[in-house]
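Visitor: I should like a close look at a single part of this structure. Please describe one packing of two helices in detail.

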Amino acid sequence: MTRGGVMMNGFTRLRSPRDVLGLFVRRLWLFLIVSGLTALAMGAFIATRVPRYESTAQIEIDVHRQSPMAPAVALPEKSDQGIVGTQMKRIASRTIAARVVDQLGLSHDPEWSPEPGRLAQWIAPTPLVPEETRRRRAIDTLMAAMTVERDEVAPVVSVRVASGDPKRAADIVNAVADAYLEEASEAGRAAAAGEAGVLRRQLDRLASEVTSADAALADYRASHGLTALSATTGGAVEQQAAALAGQLAAVQSESAAQQARATVASGMIAAGRGDGFAEVVQSPAMTQLRQQQGATAAQLAEARVRYGPDHPRVRRVAAQAADIDQAIRDEQARIAGSVQGSAQASAQAVGAVAAQLAAVRGKQAGQTMAQVGADRLARIADAKRTTYVQLAQSAARSSQEGALTSLPGTVITRGIPAMQPTYPRTELLVLLALLASPAMGVIAVLGVEAFDTRVRGPRELIALPGAGHVSAVSKVSGKVLKQIDRRAKPWDYVLAKPMSSFAESVRAVRRRLAFCRAGRGSLVVSITSSVPHEGKSTLSASLARTMALAGDRVLLIDCDLRRNGLADLLPDALEAGLAEVLEGSVELDEAVVRDAAPGLDVLPLAGPRFTPQDVFGDGRMARLMARLREDYEYVILDAPPVLMIDDAVTLARLSDAVLLAIRWGSTRLETISAAMERLREAGDQPIELVMTAVEPRASFSSYREPHYYLSAASGYHVN
């Protein structure tokens, strides 16, 4: 329920440790029942558990075991953890489980191949189970019961199996380890045989490839004229080429020098400076000609002095001098031509040597290319021959290992029968039961309280819109009432025990109404409830008698036409009542009955009446109320439940105050809220809330509530 924008539930009442304690006191039986049932269930569970004994075997995995083909065939590498993981899957495989089932005959063991129970056989008889079905069932059971785990550091695998028989568990776990090693050995031999076949096929192929490679090398050498001495011959050609290269360099140097001398000689002679050329200077002919030139020049000079320039002797000597000069020039031209010829000869020598060198280098290049091709073919043939040799060695090793294959692991710890069961952990289960039982009780109490919106205290009511003061009327137990009379009612207890706690709580309600009556001659009070069985009639009669005992003039009217709730208040059957008075068939004085309490009159109902007429809304009830206000200080109307009968709203409109009876621990907040909404339709009369049948030990948490001090007031009440 939402109240003031806040969702209301049982937890909103838990505002202090006292509230929590009160909750568990109130729900003590629920707590004890749930806790007891939980304890019984846990006890039955523990008692029906079949002990299970666990046995463990440990296998060390050989992570360095290598395939015989490994040296010759590139295989993907596996980590140690990968190898261990692969072997774990093999151990936990269905193949290993089938070997163990067949070896130990588990298909006929009821623990591993259970048969349907007698009840199941009786309900649905089944034919004889085939052997294969038993075997498959045993394999499935073994695989479910077997645990395979690896060590975090070492390549060790632990195999665990639990059984009701400790020896059986040890036999099974050892059989699993042995079956794994046997199956792995067989698989290794099969793998070795397969690898040997692969190696043989590869050897045949490689032998053919080696033969083809040798033939290709021989054909190549033959076609290129290569022999076994080709490498030596190739070295001589390289030496010849080197010598020719040196000779070419020398000839080229000499040719360059000769060409330079020829150029210089031609230039100097053409410039008339031939005497400066070394070959001219060093020439004997030129020396002789220069001597003759000198002598002739002396004779010409002497003749010119002696004879004059025109003398025949002078002309003869001058002609001799001219001949000598011409001879000198001719000699110089000859020397220059000789130098030029030497230069040309040197150039021709360079060309010849260069041609020889080119021929030698061409031969060298051809031999080199041919040798490269031959070397490549030789390397291919050698590589294939090497691979063939390695595979031949691997084939021999594979043949040997096929006869004696190494195991993939070693059993380092064999299973032994356990001395103590591993299941159930009785001590742990008992401790769990001791903790779970009260915990389930607490959960049950809190779960019920979470959805409980029944009224437990005034604080839950005071904040309801339109609510006035909240009072609490104590409960009178049937045991106490029987002490007065076997048929006694709570209103009889007011007369018999006027100083009881019940009477005192009713007087507190009377005091609230006295405050409402202040300044008025009389007060009409309508007492109603949300739904039936909330104690409104008991409250009406008890309040009326309490007012009469206090000296008030009170009239109690039974307005619940359909239920006639006050029929037990009067001892004698009546022939007339309220309905007859409103109809006018009986006078008021004839219908009013004196109660046992002095000062209290009762206007009852002669019996239940079901009528579609608006008995209280046509004005007759209003006129009756006006008349009664003159004769009584309080007029109490025992109205029907407001959510059931609309007459309650009409009666509330005719009243000065309304009391809404709320049964403690029974009426829900949402019901009370709906009832108050209906009552607010009657007008602005104050609505007083009265909790009825409140247990004497009810945990009211506010010290402002009188019921809070009820347990301490035993000396003031006479119960």
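Guide: The account below treats one helix pair and then its setting in the chain. This is a predicted model, in which local features need pLDDT of at least 70 and side-chain atom pairs count only at pLDDT 80 or more, while totals for chains, interfaces and linings use all residues. Residues are numbered from 1 along each chain as its sequence is written, and side-chain values use heavy atoms, with hydrogens and water left out.

The pair consists of helix α3 (residues 80–91) and helix α7 (residues 166–223), whose axes lie 10 Å apart at an angle of about 115 degrees. Helices here are DSSP runs of H or I with at least four residues, strands are runs of E with at least two, and both are numbered from the N terminus. Axes are lines fitted to C-alpha atoms, for helices over the stretch in contact, and angles run from 0 to 180 degrees between N-to-C directions. Since 65 to 115 degrees counts as roughly perpendicular, α3 and α7 are therefore roughly perpendicular to each other.

On the α3 side, Q87, R90 and I91 take part, and they meet V176, Y180, E183, A184 and A187 of α7; contact means heavy atoms within 4.5 Å. Of the residues in this contact, five are nonpolar, one is polar and two are charged. Here Ala, Val, Leu, Ile, Met, Phe, Trp, Tyr, Cys and Pro count as nonpolar, Asp, Glu, Lys and Arg as charged, and the others, Gly among them, as polar.

As for the setting, the chain holds 22 helices and 14 strands. Of its contacts with a separation of 6 or more, 81% join residues 24 or more positions apart.

Notes. Angles under 35 degrees count as roughly parallel, over 145 as roughly antiparallel, 65 to 115 as roughly perpendicular and the rest as oblique.
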